[in-house]
Amino acid sequence: MRARRWLQPGLAFAAALPWIAACDFTGPQSALDPAGPVSQAQRDLFMWTFWLSWPVMIGVFGALIYALWRFRARDAQAAREIPHQTHGNTRLEIAWTLIPVILVILVAVPTVRTIFATEQRVTAGEGDVAVHATGYQWWFKFEYPDLQITTANELIIPVGQRVVMSLDSADVLHSFWVPNLAGKRDMIPNQDNQIWFTADRVGTYYGQCAELCLGAHAYMRFRVIAKEEAEYQRWVADFQEAEGRTAAAAATGDALIDRGRVLTAQKGCVGCHVIDGFYPGVPVGNPDFPSLTNFGLRTTVGAAIADNTPENLAAWLRDPQAMKPGNYMPTLWTADDPNREAEIEAIVAYLLSLGREPAATAQLDTGGDHGRQ
Ligand code: CUA
């Protein structure tokens, strides 16, 4: 009978084991898997505080359990008696005042030092990458003022260089958070907030909005892609040639891409979305919507909620609300529109050709590699 009493909690523990075992410090969005000095400092501070709390927990729970056991009522007679009462113990009182004071100092000093080291305001100088990020419901705009580049939901950075970002919001509160690289920082309308970090290794780091901003908040994501210097410079060059690339996409002579370009205008895409070079010399779109310039080089769609594949892009165009409920992208076709699928296919072909070199676009038609990383 005694064994049965332990059966249920035992089974529950066994069932929880796989989840406990899956707790892991590494991960695409883990603050405990730092990829740069800022997140490393934050992790170090966390681990220091974490280990420091262990002796406290063992001491407090140890004393509690000891007292419960040592002074338990041993029999019915003892249960009726008031045990021996004690008042005052100078040595104990000094100890339980001094020890917490020391512990608080041990936590406070490194905390304040880390805050000052990682959150001080800096000025972007030589060798830094300056970026201005704006939060919108529900996407991120990234502008590189020194490079005249504007992109959306993907922050491309060179590895080993400090990125100094000014943060702003166009509407409500958002928060910029990419755990592997830096802590989170609010994006507040009309307040010039700042965050800076460095990526020590090449990779894709997952970020998301960390401030409840209604609607599609949960789908307001972004990626930080750290590239080797040469790769980064190539990406910059790709953007500085964007107008020419867009014109080249229009001149491929590919019937599908060409039809896609016409539909991109007819369906009203360029009423909202900027595409540099769409009409040579004439700007299209509104900078308060995600830019589609060089969209073919983008790795995600819908503010980083899905990979930028022809299938996902088609699904996004077909029913944006199904993929990201609440977002502002309208549905451009009725479900019974007989031309829907053919038109989606053409727009997908056109958008994915943007920014690619013509050879890469030709490859796209054969179902080859899409999206250079
Ligand atoms: Cu933006 Cu939540």
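A pocket is an open set of grid points with protein on both sides within 12 Å along at least five of seven lines, and its lining residues have an atom within 4 Å of a point. The views below show a predicted model.

**View A. Second largest pocket, with Arg70 and Thr86 in its lining.** The space in this pocket comes to about 480 Å³. Its lining consists of Arg70, Phe71, Arg72, Ala73, Arg74, Ala78, Glu81, Ile82, Pro83, His84, Gln85 and Thr86. Sorted by class, the lining holds 5 nonpolar, 3 polar and 4 charged residues. Arg70, one of the lining residues, is also the last residue of helix H2 (residues 37-70).

**View B. Nonpolar surface patch that includes Trp54.** The patch covers about 1200 Å². Its aromatic members are Phe46, Phe50, Trp51, Trp54 and Phe61. Val56, Met57, Ile58, Val60, Leu64, Ile65 and Leu68 also belong to the patch. Trp54 is part of helix H2 (residues 37-70). The relative accessible area of Trp54 is 34%, so this residue counts as partly exposed. Patch members must have over 30% relative accessible area, so Trp54 at 34% meets that cut-off.

**View C. Largest pocket, with His273 and Trp316 among the residues nearest its centre.** About 600 Å³ of space lies in this pocket. The lining is made by 31 residues, and His273, Pro290, Trp316, Asn327 and Met329 are those nearest the centre. Helix H8 (269-272), strand E11 (300-301) and helix H9 (310-318) are the elements that give two or more residues to the lining. Helix H9 contributes the most, with 3 residues. By class, the lining of the largest pocket has 20 nonpolar, 7 polar and 4 charged residues.

**View D. Second largest cavity, with Asn294 in its lining.** The model has 2 cavities of 30 Å³ or more. The second largest cavity holds about 60 Å³ of space. Thr151, Glu154, Ile156, Trp235, Phe239, Asn294, Leu297 and Arg298 form its lining. Strand E4 (154-158) and helix H5 (229-240) are the elements that give two or more residues to this lining. The classes are 4 nonpolar, 2 polar and 2 charged residues.

**View E. Asn294 and its positive phi.** Phi of Asn294 is near 55°, a positive value in a residue other than glycine. Asn294 sits in the loop between H8 and E11. Its relative accessibility is 1%, so Asn294 is buried by the cut-off of under 20%. Asn294 also takes part in lining the second largest cavity, the subject of the previous view.

**View F. Leu214 and its positive phi.** Leu214 has a phi near 65°, which is positive although the residue is not glycine. Most residues other than glycine have a negative phi. Leu214 is located in the loop between strand E9 (203-209) and strand E10 (221-227). With a relative accessible area of 58%, Leu214 passes the cut-off of over 50% and therefore counts as exposed. By contrast, Asn294 counts as buried.

**View G. Cis peptide bond between Gln137 and Trp138.** The bond joining Gln137 and Trp138 is cis, with omega at about 0°. Most peptide bonds are trans. Trp138 lies in the loop between strand E1 (129-136) and strand E2 (139-144).

Methods. Residues numbered from 1 in each chain as written. Predicted model: local features only at pLDDT ≥ 70, side-chain atom pairs only at ≥ 80, totals over all residues. Heavy atoms only, no water. Patch = residues over 30% accessible without salt bridge, like charges linked within 9 Å, V, L, I, M, F, W, Y side chains within 5 Å. Areas by Shrake-Rupley, 256 points an atom, 1.4 Å probe, with all protein chains shown as cover. Salt bridge = Lys/Arg side-chain N within 4 Å of Asp/Glu carboxyl O. Helix = DSSP H or I, 4+ residues; strand = E, 2+ residues; numbered from the N terminus. Buried < 20%, exposed > 50% of the residue type's maximum accessible area, 1.4 Å probe, protein only. 1 Å grid on protein atoms, 1.4 Å probe; cavity = no way out; pocket = protein on both sides within 12 Å on 5 of 7 lines; lining within 4 Å. Points joined across faces, edges and corners; volume = space filled by probe spheres on them. Nonpolar A, V, L, I, M, F, W, Y, C, P; charged D, E, K, R; others polar.
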